[in-house]
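Reader: Please take one part of this model and go through it closely, partner by partner. Then set it against the rest of the chain.

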Amino acid sequence: MPLRSLNELANEAKAKFEHNDYSNELELSDDFKHIFEQTLEDSQVTFYKHTFIITKSDGLRIYGPNQWFVLGIHLVDFLQELKEYKRHTARIFSSQAPRGTAKELQPIYVRLKNAGSPERISADDASAIDSYFSLESDRMYYKQFVTNYNWWVGSKGLDRGDYAYTPLLTIPKLVHDTHSLVAGIALMYASNPALLEAIIPIADRAVSQSTQQIVVNTQLNLPHNWIVYGAPGTGKSNYLDAKANALFAEDNRLRVTFYPDYSYSKFVGTYKPVPVYKTVPSADNSVYYDYERREHTGETRREPIIDYKFVPGPFLTQLVKALKSPSEPVLLQIEEVNRANAAAVFGEVFQLLDRDNGRSCYSVGLSKEAMKYIQDEVEGFCSETVSLPSNLYLWATMNSADQGVLPLDSAFKRRWVFKYLPLNRNAGVISDWSFNISGVEFSWALLREIINTKLASEKVSEDKLLGPFFISRSVLSDTDAVISNLLLYLREDVVRHKPSVLFNDIDGSYNLSKLIQRFKSFPLDTFTFSIHDAVINDTGTDTEAQAILNEDQQI
């Protein structure tokens with residue numbers, strides 16, 4: 001699984017500490033209390049309605065509010081990834097540290113840290129790192145990790161047992177006694193999945209009960225031009241939604257979806273026909289319908305006339321909002337950015353994507369109508385050109401696997417920060433998802449893994465593999481939808497030119513409708529490879545079905 005940027009994870013954790021509000025009193029569940037009590041080794045805990053007391057073995061006590069347990073959640077992603085980085089060191093330098101002990105690894109860590117930057121790592125060490133990692137991004141992240149401790153908010157040597165405490169104490173920005181305990185709680189969560197699972201619903205409830213307005217900084221330590229990409233079903237939109245929910249006020253967010261016919265005029269704005277009404281005296285005092293007010297009137301007759309008015313698109317709408325409220329971050333979220341001709345949709349706005357600290361390096365003049373709209377809407381704006389302010393964020397999702405997408409040219413891509421969502425990033429969420437076909441109950445998680453393994457062995461690129469949410473949980477109860485969605489994608493998008501890689505077929509046509517019917521009737525014999533390991537429970541008539549299948553093959 002590709003490494004995730006520790007710097008980005010640290011910034012995300014900082015943003016959560018700064019922007020989430022846990023001011024309401026919080027009650028813990030009995031399940032969480034029980035698991036937490038078992039986790040403590042040399043201390044005892046006493047829980048009250050909204051507070052707790054931890055009594056240590058030396059008699060010293062720690063008093064705290066229950067909110068501290070929720071705060072520890074924000075450090076878990078960072079901490080788990082930090083440990084993953086460290087585990088790689090013993091593998092990379094196994095010839096120098098065969099047992100992987102702290103004593104063996106200490107001189108390696110010191111040598112790498114003394115290099116000071118990735119570029120100054122010795123040729124032998126750089127070669128070992130480059131040979132170990134297949135992805136260039138992994139090589140870059142790891143070299144930053146071992147040479148630039150500031151990148152991951154660290155300071156203590158990686159050979160020390162307490163190397164993780166510096167970032168865990170720095171990120172929360174809490175007073176010493178508080179953040180020490182919060183850091184300790186985070187360490188418990190990272191090593192005890194049951195404890196983490198027990199606190200998550202409590203944290204969700206704490207957020208939903210909060211009535212205080214979230215105060216956010218316009219500089220979010222996240223890219224201003226950001227594209228999140230990955231295989232279908234990896235949760236790209238949900239990933240951005242989670243960040244947007246935490247960092248942007250609801251009124252400052254707008255979502256737009258690109259499609260093949262999407263155009264510049266729809267994105268920026270254009271003239272559109274709108275009805276206006278002129279009042280005409282009614283001689284007979286008849287009742288007429290007022291389409292503008294949606295009401296009947298008997299006093300006047302309002303005659304509709306079609307006029308044309310400049311109507312802003314989503315880009316101009318959010319730009320104006322950002323200009324009017326410079327102290328508030330504003331987001332335009334673009335779904336499927338490469339389904340349209342992005343360069344044509346952005347037009348001259350493309351020039352504004354060159355940004356320094358969030359603000360456009362250049363300004364451009366939009367159409368006279370667009371500039372007049374900005375001048376009318378933003379008080380005091382009188383310029384003939386416009387640039388992107390630092391509080392306007394453009395985030396997008398992209399899936400390069402679908403056939404209907406258009407390539408992004410290199411000049412366009414250069415102006416964005418790309419984040420790849422690993423294929424199995426959310427695999428744990430679907431561990432208990434299942435569906436039934438002809439009496440055979442399949443684990444979606446296991447079936448997806450088996451199919452992906454087969455595709456990978458056939459050198460199918462990762463962006464065409466199946467993400468955890470390729471089939472949503474709500475669809476699993478609809479057998480026809482599951483079969484159609486899965487086989488349609490695999491047959492038409494993944495192995496379109498070589499279906500024999502995946503599918504058994506009697507007549508050699510690999511017709512989609514026949515494959516669907518075959519999967520319904522003989523789910524275990526549709527593929528060229530075994531999917532028996534994905535079966536949870538088999539109550540179907542497999543023996544009979546196999547007999548029929550054998551007869552068909554003989555014919």
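Author: Two strands are said to pair here if DSSP finds at least two bridges between them. The model is a predicted one, and the part chosen for a close look is strand 4, residues 225–229.

Which strands does strand 4 pair with, and in what sense? One partner is strand 13, residues 392–398, joined to strand 4 by five bridges in a parallel arrangement. Within this pairing, Trp226 has Trp395 of strand 13 opposite it, so a reader following the bridges in the structure can start at that pair of tryptophans. Another partner is strand 14, residues 417–420, and here too the sense is parallel, over four bridges. On this side, Ile227 of strand 4 has Phe418 as its bridge partner in strand 14.

Is strand 4 enclosed or open? A residue counts as buried when its relative accessible area is under 20%. Four of the five residues of strand 4 meet that condition, so the strand is largely enclosed by the rest of the structure.

For contrast, consider the sheet of strands 1, 2 and 3. It is an open sheet, with the strands in the order 1-2-3 and antiparallel pairing. Strand 1 (43–47) and strand 3 (61–65) are the edge strands; each has a single partner strand, so one side of each lacks a neighbour in the sheet. On average, neighbouring strands in this sheet are turned by 20° against each other, direction ignored.

Strand 1 and strand 2 (residues 51–56) are joined by five bridges in the antiparallel sense, and the two make a hairpin with three residues between them. Two of the facing pairs can be named: Ser43 is opposite Lys56, and Val45 is opposite Ile54. Ile54 also faces Ile62 of strand 3, in an antiparallel pairing of strand 2 with strand 3 that spans five bridges. That second pairing is again a hairpin, this time with four residues in between, and Gly59 in its turn has a positive phi of about 90°. Helix 2, residues 30–39, packs on this sheet and touches strand 1 and strand 2, its direction making about 165° with that of strand 1.

The surface gives another contrast with strand 4. Ile306 lies in strand 9, residues 301–312, and is exposed, with a relative accessible area of 58%. Together with Tyr271 and Tyr308, Ile306 makes up a nonpolar surface patch of about 370 Å² accessible area.

Finally, the chain as a whole. It has 20 helices and 17 strands, and 47% of its 555 residues count as buried. Of the contacts between residues at least 6 apart in sequence, 69% link residues at least 24 apart. The chain exposes about 27,800 Å², of which carbon and sulfur atoms supply 48%.

Key:
Residues are numbered from 1 along each chain as its sequence is written. This is a predicted model: local features need pLDDT of at least 70, side-chain atom pairs count only at pLDDT 80 or more; totals for chains, interfaces and linings use all residues. Side-chain values use heavy atoms; hydrogens and water are left out. Axes are lines fitted to C-alpha atoms, for helices over the stretch in contact, and angles run from 0 to 180 degrees between N-to-C directions. Contact means heavy atoms within 4.5 Å. Buried means under 20% relative accessible area, exposed over 50%, partly exposed in between (1.4 Å probe, protein chains only). Accessible areas come from the Shrake-Rupley method with a 1.4 Å probe; for residues, only the protein chains shown count as cover. Patches are made of residues with over 30% relative accessible area and no salt bridge: like charges are joined within 9 Å, nonpolar side chains (Val, Leu, Ile, Met, Phe, Trp, Tyr) within 5 Å. A salt bridge is a side-chain nitrogen of Lys or Arg within 4 Å of a carboxyl oxygen of Asp or Glu.
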